[in-house]
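Visitor: I'd like to learn how to read packing, pairing and contacts in a model like this one. Could you walk me through it?

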Amino acid sequence: MSQPALQMSDVRKVYSMADNEVVALDHATLTVGSDEIIALVGPSGSGKTTLCSIAGGILSATEGSVVVGGEEIGDYGDKELTTFRQNKVGFVFQSVNLVPFLNARENLLVVDELGRREGKPARDRADRLLDELGLADRAKNLPSQLSGGQKQRVAIGRALMNEPELVLFDEPTSALDTELGQQVMELIRSEMKSRGTAAIVVTHDERITSYCDRTVHITDGVLDAG
Amino acid sequence: MKLALRELVRKPGRFVTATVILTLIAVLLMFLGGLLDGLLRLSTGAIRAQSGDAIVYSESSQSSFLRSRIEPADRAAIESADGVDDVGGLGVVLLGARVPGNGPRDLANVAVWGYELPPDGVPEPPAPGEAYADELLRADGVELGQELLIGPARTPITVVGWVTDTAYNGSGGLWADLDTWRQVLSENRPDAVLADGVVQALVVSGPGDPADVVAAVDAANDGTYALTVDDAIAAIPGVEEQSGTFNQILGVTVVIALVVIALFFALLTVERTALYGVLKAIGARSRTIFGGLVVQATAVTLVASVIAGVLVVALDLLIPPGSIPLYVSVGRIVLSVVLLLIAAVIGSAFSLRRVLRVDPASALGN
């Protein structure tokens with residue numbers, strides 16, 4: 001059996017604010033299989049973003065162990081976390097956040113420019129991804145020339161450029177209508193499953209949980225496998 | 001870096017304001033620098049051209065040629081000093097010259113020099129009654145072979161050749177032998193007549209460096225003192241004040257460029273905080289982002305400097321010769337560009353803290 005994409009054990013994240021301590025994540029334990037897609041559902045302020053940030057190496061946990069693709073990142077400093085993000089995880093952000101002055105292909109290649117600098121293999125991978133995502137004829141288009149769904153597909157391609165162990169989707173359908181949202185979720189599922197890549201999909205929307213293998217609820221920083 | 005350059009190419013409009021302002025500042029910097037160089041050339045050319053190591057003045061002269069008197073005995077003492085190779089007399093008188101074809105009151109300002117050791121670019125002293133004229137006098141209508149009438153006594157001097165960059169005190173140089181200069185001086189400035197053998201200053205060269213020659217001259221004679229050519233240039237009345245004033249204005253101009261760059265890129269950084277958060281989240285290091293800012297600041301400054309350089313050269317070509325003392329040189333333009341580029345790097349560095357503070361976590365949940 002292959003190793004899990006993510007193993008979080010007893011993870012706490014505590015923010016100090018003035019004289020108070022705010023517990024954003026409270027003894028969270030979560031395992032995501034190597035090709036598993038889980039939906040992380042919870043209300044605003046429940047700790048979804050904090051959990052994703054810790055799993056993605058953006059934030060460090062206050063306590064506990066975080067292992068991504070077999071790599072323990074709990075003790076990493078900023079530099080090591082940056083290298084980790086370049087190589088092990090992909091992100092799709094809520095408001096897409098493509099680089100506005102780069103075309104679709106360059107938005108994928110920026111991942112390589114900022115990280116591994118592979119050159120031709122990366123260019124080939126970008127072309128392949130654009131083709132798979134149905135964007136081959138839009139490769140030279142700037143984000144302003146793409147529809148909402150096309151932008152989301154470019155963002156998915158960007159998240160897959162570094163061949164990550166785990167992709168974190170932050171409310172990927174929140175800016176899309178129902179039909180387009182379903183199409184995007186189908187695409188996410190097929191891309192993740194065809195690659196055997198794990199994903200966490202953060203959402204408020206219970207309707208999209210059907211595209212995931214499992215749903216995990218979070219309330220006030222506490223996970224409930226439900 | 002590629003990302004930063006792509007933004008410059010794809011979104012040039014974003015940088016137009018900064019480029020225009022920096023172009024104007026660069027024009028100001030280069031133009032003021034050109035004026036300073038022009039003024040200094042007009043004031044100091046004759047001394048800068050001296051091929052000797054030191055210039056010797058009489059003790060009470062306060063480094064003024066017109067006040068200085070070097071007696072033959074002083075000259076003999078200096079000539080016999082160890083560490084001195086060649087000694088030549090030097091004198092000058094500033095007068096107006098009547099130029100054939102010009103109106104009777106349309107005088108050309110001339111500095112009539114008498115010399116023995118030829119300055120750089122000036123031939124051996126010509127025959128009595130003749131002189132080499134500085135190119136500057138062309139603007140006054142002076143032509144080769146003309147007989148100029150010097151001063152109120154209208155002493156005739158015939159122009160037999162051209163020399164360049166030998167102006168003094170704003171006047172074009174006329175380079176004659178010592179006897180011709182002495183004749184011009186005695187006929188036109190009776191208050192400043194010098195006896196035969198007496199000169200205003202000596203140009204001295206030696207085997208050592210200029211400081212050694214100065215020391216050798218000062219040790220050999222009590223009634224005189226020597227200055228290196230650089231010190232003699234600085235001692236010309238007004239030169240240091242002129243340089244100091246202009247350099248302060250140029251310094252302030254560079255500081256203004258720095259502030260403009262700092263403010264512009266600080267605003268740009270604030271505007272891009274969300275984008276930088278995303279880039280950091282997908283693996284960009286702060287140094288990569290900051291490096292891109294520096295590249296953009298440098299590129300914008302370089303473009304502004306090139307445009308400014310072209311404008312200042314065009315201005316130099318359009319301005320009639322002799323109307324203002326503008327001297328545009330490659331050296332001045334390069335120096336201005338280097339100063340502006342340093343200002344660009346320092347100015348953009350003010351955004352470093354802001355770049356470091358961008359939190360990649362800001363990309364999530366937004």
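Guide: Happily; let's begin with a helix pair. In chain B, the axes of helix H2 (residues 13–48) and helix H7 (residues 239–271) come within 10 Å and cross at roughly 170°. Helices here are DSSP runs of H or I with at least four residues, strands are E runs of at least two, and both are numbered from the N terminus. Axes are lines fitted to C-alpha atoms, for helices over the stretch in contact, with angles from 0 to 180 degrees between N-to-C directions.

Visitor: What does that crossing make H2(B) relative to H7(B)?

Guide: Two packed helices are described by the angle between their axes and the distance between the axes. Here, H2(B) is roughly antiparallel to H7(B), a label for angles over 145 degrees (under 35 is roughly parallel, 65 to 115 roughly perpendicular, the rest oblique). Sorted by class, their contact has 19 nonpolar, six polar and no charged residues. The nonpolar class is Ala, Val, Leu, Ile, Met, Phe, Trp, Tyr, Cys and Pro, the charged one is Asp, Glu, Lys and Arg, and the others, Gly among them, are polar.

Visitor: Any ground rules before we go on?

Guide: Two. This is a predicted model, where local features need pLDDT of at least 70 and side-chain atom pairs count only at pLDDT 80 or more, while totals for chains, interfaces and linings use all residues. Residues are numbered from 1 along each chain as its sequence is written, and chains are lettered from A and ligands numbered from 1 in the order in which they are written.

Visitor: On to strands, then. In strand E5 (residues 147–150) of chain B, which side chains are buried?

Guide: In a regular strand the side chains alternate between the two faces of the sheet. Along E5(B), B:Leu148 and B:Ile150 point to one face and are buried, while B:Glu147 and B:Leu149 point to the other and are not. Buried means 20 or more other C-beta atoms within 10 Å of the residue's own (exposed is 12 or fewer, partly exposed in between, with C-beta atoms placed from the backbone).

Visitor: And which strands pair with E5(B)?

Guide: Strands pair if DSSP finds at least two bridges between them. Strand E2 (residues 86–98) of chain B pairs antiparallel with E5(B) over two bridges, and B:Ala97 has B:Ile150 as its bridge partner. Strand E6 (residues 155–163) of chain B also runs antiparallel to E5(B), joined by four bridges; there, B:Glu147 is partnered with B:Thr158. The E5(B)–E6(B) hairpin has four residues between the strands, and B:Gly151 takes a positive phi near 70°.

Visitor: How many residues of chain A are in contact with chain B?

Guide: 22 residues of chain A are in contact with 21 of chain B, where contact means C-beta atoms, placed from the backbone, within 7 Å. Helix H1 (48–55), helix H2 (78–88) and helix H3 (104–114) of chain A each supply at least two residues to that side of chain A. H3(A) gives the largest share, four residues. By class, the chain A side has 11 nonpolar, eight polar and three charged residues.

Visitor: Where does B:Ala284 sit, and what does it touch?

Guide: B:Ala284 lies in the loop between helix H8 (273–281) and helix H9 (286–318) of chain B. B:Ala284 is buried, with 26 other C-beta atoms within 10 Å. Leaving out residues up to four places away in sequence, B:Ala284 touches A:Leu114, B:Leu279 and B:Ile289.

Note on methods. Two residues are in contact if their C-beta atoms, placed from the backbone, lie within 7 Å.
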